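Open the structure in your viewer and keep the selection panel at hand. Each stop below gives something to select and something to look for.

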Amino acid sequence: MGEVEFILKASLQLSEDIEENKEVNKDLKNFIEESNNSILNKGAPTDKGAHIEEYDLKNDKISLEIIGNKYVRAHEAIIRLINPLSNEIGPKHHIGVRGIKDIDYTIILKDRLEKNNFKEIKKELEELREIDTIERDKNNLILKTKSLKESDFRRGVVDRLISLVDEVVEGEEELVDKVTKIEPGTVISSSKDKKPLIKEDPTKIAQEKGWVKKFPGKGQWTYLPPYTKLLRALMDVATKEIPQKIDFQESMFPKLIPLEIMNKMKYLEGLPEGMYYSCSPKRGTNVYDLFKKEHKIKEEIPMDLLKDGLKDPGYVLAPAQCEPFYQLFSHEMMDEDNLPIKLFDKSGFTYRWEGGGSKGLDRVNEFQRIELVWIGKAKQVKTVTEEILEAYKKVLDDYLKVEWKIKVGDDPFYLEGRKGEMDEVEYPDIPKYEIQVKMPHNGENLSIGSVNLHGTHFVKGFSIRAGFEEPIWTGCAGLGVNRWVLAFLAYNGFEAQNWPKKIKEKTTLLPFVPKTLEWPKNKED
């Protein structure tokens, strides 16, 4: 951190009025003078600590002005005072310190604006609810905070605010570029060129044949019997050839994830706009009686009443599918003899809000995946990663018959929430491997899965403990079977007799498409 000055004006709330108590006043004066030379200098170079610039006693409050710096920040300083002050005046005068009130906090970040545009920085920061005003004095950036409480001081809110401001001012480098030892986008492995049997968009063909049909929800489809049978066949292959072959055990993970778990994962700091949030209905209210009556009268959904009947969001629909695994071991002591632990889940859909990005079958908001998650010593986690990548390549060559490549990923899903905290976590040299298939109809690369190493990110976030000295790592891998189907069809076509033998054996005979007089468009199948 660069040079910074903290100017804190706040009050310590006492349990009773002391303004006219001369004995207490005397003891407080001595305590403050001693604190400037002891408590507020602890951990700082000589004469570089925080100090109490002014103080005043009025009624049942001690008003303080504390000047702090990068060694001892003013909000740390006032917290340091509470227990010693309680010990000083409590036993002798039977007066307690109830907490910090009337907070007025100014932070001066020095020489931050030498090479930066103040207007752009102000625009980036002014919507933050913790900031009241943003000003400049030459090259110094001056922040006046608002609505801060003692709990914010104790929870590190001010420290994280400053880290965020520095990221904005300095134009923070992407964390993945700092962590990854091999440049993101580098191809690690690839297949030979493959000749596709079709050149059209497989989404278009699947719609015309009635294998899929758009659902009213954005990024959602109904998958009809032929498509579903192929998906199940590929899911069966994926299960047997990847997780089961390397001794993963099947589990069933919840798909409704409490927000507190997403907070531990730092997903809310990394990609809050990429999730579906879930609200529970309120109980003990008549709003739903009114809702039903209004709906019956207008035959429209009265959204205002529905919102009134819902609690704040408390859950998300699983966006990563691995979330419950880390919670499973939260605050647990891992047994060295039982590592690595390897589990996989294929029990339901994964949900991600793609916004305007959802289009064909390649970009959907609700999709089927097989999720592998593992935990162990760093060497064990790396070994499992290598085994998964080798198994993945074999499936792509022997079953899907597609043109693929494995690249160093440029967007590990967990890293975004770790900005400014690099020193707190042990990272792998390559956090993410991305498996891509070249789509013949447009030449674009379609990501069909990834293998991620987290280092100690989730171990720290979920307070997973080791009963031994070596650090514990975790990893996860996604087998995107929805996209596997799309890639398979793009290279092998829609005629089952042309499919690779190992898949043909699992899909003969393909079931019929349920038809109406008007749908599907192509009725020859």
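The tour follows the chain from one end towards the other, and the model is predicted.

**Stop 1: a helix pair**

Select helix H1, residues 22-37, and helix H2, residues 74-93. Their axes come within 11 Å and cross at roughly 150°. Angles over 145 degrees count as roughly antiparallel, and H1 and H2 are therefore roughly antiparallel to each other. The crossing of H1 over H2 is right-handed. Now show side chains at the contact. H1 contributes Glu23, Val24, Asp27, Leu28, Phe31 and Ser35. From H2 come Leu81, Pro84, Leu85, Glu88, Ile89, Lys92 and His93.

**Stop 2: a hairpin with a two-residue turn**

Move to strand S5, residues 131-137, and strand S6, residues 140-145. They pair antiparallel, over 6 bridges. Where S5 ends, pick Asp137: it stands opposite Asn140 in S6. The hairpin leaves 2 residues between the strands. Click Lys138 in that turn and check its backbone: phi is positive, about 60°.

**Stop 3: an open sheet**

Select strands S11, S12 and S13 together. In what order do the 3 strands lie in the sheet? The order is S11-S13-S12, the sheet is open and the pairing is antiparallel. S11 (256-258) and S12 (277-281) are the edge strands, each pairing on one side only. Look at the twist next. Neighbouring strands here are turned by 55° against each other on average, with direction ignored.

Zoom in on S12 and strand S13, residues 310-317. Their antiparallel pairing uses 4 bridges. For one of these pairs, label Tyr277 and its bridge partner in S13, Val316.

**Stop 4: a helix to check with a ruler**

Select helix H11, residues 287-298. Place a distance between its first and last C-alpha atoms. The 12 residues reach 16 Å, close to the 16 Å expected at 1.5 Å a residue. Step on to Glu299, which follows H11. Its phi is positive, near 55°.

**Stop 5: strands S19, S20 and S21**

Centre the view on strand S20, residues 432-438. Most of this strand is covered, with 6 of its 7 residues buried. S20 pairs with strand S19, residues 404-408, through 5 bridges, and the two run antiparallel. Label Lys407 and find Glu434 in S20 opposite.

Then add strand S21, residues 445-455. S20 and S21 also run antiparallel, joined by 7 bridges. Which residue in S21 is the bridge partner of Tyr433? Val451 is. S20 and S21 make a hairpin with 6 residues between the strands. Within this hairpin, pick Gly443, which takes a positive phi near 75°.

**Stop 6: an enclosed helix**

Finish at helix H16, residues 481-492. Repeat the ruler check. At 1.5 Å a residue, its 12 residues should span 16 Å, and the end C-alpha atoms are 16 Å apart, which agrees.

Why is H16 described as largely enclosed by the rest of the structure? Because 11 of its 12 residues are buried; buried means under 20% relative accessible area. Colour H16 by accessibility to see this. Among the buried residues are Trp484, Phe488 and Tyr491, along with Val481, Val485, Leu486 and Leu489. Asn482 and Asn492 are buried too. Last, select Gly493, which follows H16. Its phi is positive, near 75°.

Methods:
Residues are numbered from 1 along each chain as its sequence is written. This is a predicted model: local features need pLDDT of at least 70, side-chain atom pairs count only at pLDDT 80 or more; totals for chains, interfaces and linings use all residues. Side-chain values use heavy atoms; hydrogens and water are left out. The expected span of a helix is 1.5 Å times one less than its number of residues. Buried means under 20% relative accessible area, exposed over 50%, partly exposed in between (1.4 Å probe, protein chains only). Two strands pair if DSSP finds at least two bridges between them. Axes are lines fitted to C-alpha atoms, for helices over the stretch in contact, and angles run from 0 to 180 degrees between N-to-C directions. Angles under 35 degrees count as roughly parallel, over 145 as roughly antiparallel, 65 to 115 as roughly perpendicular and the rest as oblique. A crossing is left-handed if the near helix is turned anticlockwise from the far one by less than a right angle, and right-handed if clockwise. Contact means heavy atoms within 4.5 Å.
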